Amino acid sequence: MIAGIVSSGLMIANTQHAKASDTRVSLKKDTSLYDTQKIKKIKTKSAKKYFGKESLYEKKTAKVKNTTYKLVKSKSGKKSGWMKSSDLYVVKRKITTKSTYQLSPRISDSSDLDNRQLSQLSDSQIKSRIRAKFINFVQGQRKKTGNGSWVSSNGLNKVAQERANYVDPTMGEASHYTTRDGKRHRQEAAILDGQRMKIVKNQNDIYESNGYATLDKNYYHIADYVNYFNEMISDDGASGDSHKTQLLGNEGNGLRYYGIGLRVIRTNYTVQVNIVILSADTKYR
């Protein structure tokens, strides 16, 4: 989805995509609009003329022959159609729930990075700031649970980054079982990757959450990605609280050890950030 969704949560849980009804989008260019998600019948060859000046909102996602399509509706709800997600970009995203946890004061250099447009930041700067702020948030939330602090695991960080380098969060639950070669397995892909990397031994010891956010590079900032990923705890009802359960450690023996992987994907209009979070009761090295 062009405006980030957080995909299915724990590997073991039966979860679903978060809804995107609050995501406002716009056309990058004039393009064809299809009648149904089967993408067979063209409704109109000019989405721009069809929708006119109405505000547009994405409602559903479908994948056809490895191409992602979005169901787009006008604000009035009277006009709708399917189009390629690559022909859309985010105009605005409503954050429905804000955390009451306050981030600790930032040093001036970090604050400067947080206030810059995404187009002015390198991939490493985007990833480091999102990572630091997200960890800070989760640490604060875990303090309320009694499940112990969140401890970084070198091994899990390596596996999480390997996953982030290729995982497609738009696949939803299937993404947790799909390896780099595109094959789907019964075993979780993170565990298979961890075993291949000779880091993970226990076949049922790792939980994974993944997600992504794609935002206009000239409109949004680091905090917008962090706010969105924070919703894995603060507003996780759409996934049945599976992300929240994992991140807060309300599973296993507290799931104190974590690894985070991030990937930045740029287009002429947007910056997409994919995130993979692994949790375990074992501190893999």
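What covers the buried residues of H5? Keep that in mind while looking through these close-ups of a predicted model.

**Figure 1. The whole chain, before zooming in.** This is a predicted model of a chain with 285 residues, 51% of which count as buried. Its secondary structure comes to seven helices and 11 strands. Take the contacts between residues at least 6 apart in sequence: 67% of them join residues at least 24 apart.

**Figure 2. Helix H5 and what lies over it.** H5 runs through residues 189–196. Here's the reply to the opening question: the cover over the buried residues of H5 includes helix H4, strand E9 (206–216) and strand E11 (270–280). The buried residues in H5 are Ala189, Ala190, Ile191, Asp193 and Gly194. Look just after H5 too, where Lys198 takes a positive phi of about 60°.

**Figure 3. H4 meets H5.** Now for one of the covering elements, H4. This helix spans residues 154–164 and packs against H5 at an angle of about 120°, with the two axes 10 Å apart. Oblique is therefore the word for how H4 and H5 sit relative to each other, and H4 passes H5 in a right-handed crossing. On the H4 side, the contact is made by Val159, Glu162 and Arg163, while H5 brings Ala189, Ala190, Asp193, Gly194 and Arg196. Sort the residues of this contact by type and you get three nonpolar, one polar and four charged. Some of the H5 names may ring a bell: Ala189, Ala190, Asp193 and Gly194 are among the buried residues of H5.

**Figure 4. H3 and H6 side by side.** Here's another helix pair to explore. H3 covers residues 123–142 and H6 covers residues 222–234. Their axes come within 9 Å and cross at roughly 35°, and the crossing is right-handed. Which residues of H3 and H6 make the contact? From H3 come Ile126, Arg129, Ile130, Lys133, Phe134, Phe137, Val138 and Gln141, and from H6 come Ile222, Tyr225, Val226, Phe229, Asn230, Met232 and Ile233. Split by type, the residues of the contact of H3 with H6 are 11 nonpolar, two polar and two charged.

**Figure 5. A ring cluster built on Trp150.** Phe134, which you just met in the contact of H3 with H6, turns up again here. Ring pairs link Phe134, Trp150 and Tyr258 into a cluster. Within the cluster, Trp150 and Tyr258 form a stacked aromatic pair, 4.0 Å centre to centre and with 20° between the planes. Trp150 sits in the loop between H3 and strand E8 (151–152), whereas Tyr258 belongs to strand E10 (residues 257–266), so the pair links distant parts of the chain, 108 residues apart. Both Trp150 and Tyr258 are buried.

**Figure 6. Two tyrosines, edge to face.** A search of the whole structure finds six aromatic pairs, and this view shows one of them, Tyr34 with Tyr69. The rings are 6.1 Å apart, centre to centre, with 85° between their planes, which makes the pair edge-to-face. Tyr34 is in strand E2 (residues 33–34) and Tyr69 is in strand E5 (residues 67–74), distant parts of the chain 35 residues apart. Are these two exposed or buried? Tyr34 and Tyr69 are both buried.

**Figure 7. Thr68 and the residues around it.** Stay in strand E5, where Thr68 lies. Thr68 is buried, with a relative accessible area of 13%. Leaving aside residues up to four places away in sequence, Thr68 touches Thr61, Ala62, Lys63, Met83, Lys84, Ser85 and Thr170.

**Figure 8. Two loops with a positive phi.** Asp241 isn't a glycine, yet it has a positive phi of about 65°. You'll find Asp241 in the loop between H6 and helix H7 (242–248). With a relative accessible area of 33%, Asp241 is partly exposed. Leu255 is another residue other than glycine with a positive phi, near 45°. Leu255 has its place in the loop between H7 and E10. How much accessible area is left for Leu255, in relative terms? The value is 0%, so Leu255 counts as buried.

Key: Residues numbered from 1 in each chain as written. Predicted model: local features only at pLDDT ≥ 70, side-chain atom pairs only at ≥ 80, totals over all residues. Heavy atoms only, no water. Axes fitted to C-alpha atoms, helices over the stretch in contact; angles between N-to-C directions. Helix = DSSP H or I, 4+ residues; strand = E, 2+ residues; numbered from the N terminus. Parallel < 35°, antiparallel > 145°, perpendicular 65-115°, else oblique. Left-handed = near helix turned anticlockwise from the far one by under 90°. Contact = heavy atoms within 4.5 Å. Nonpolar A, V, L, I, M, F, W, Y, C, P; charged D, E, K, R; others polar. Phe/Tyr/Trp six-rings, centres within 6.5 Å; stacked < 30°, edge-to-face > 60°. Buried < 20%, exposed > 50% of the residue type's maximum accessible area, 1.4 Å probe, protein only.
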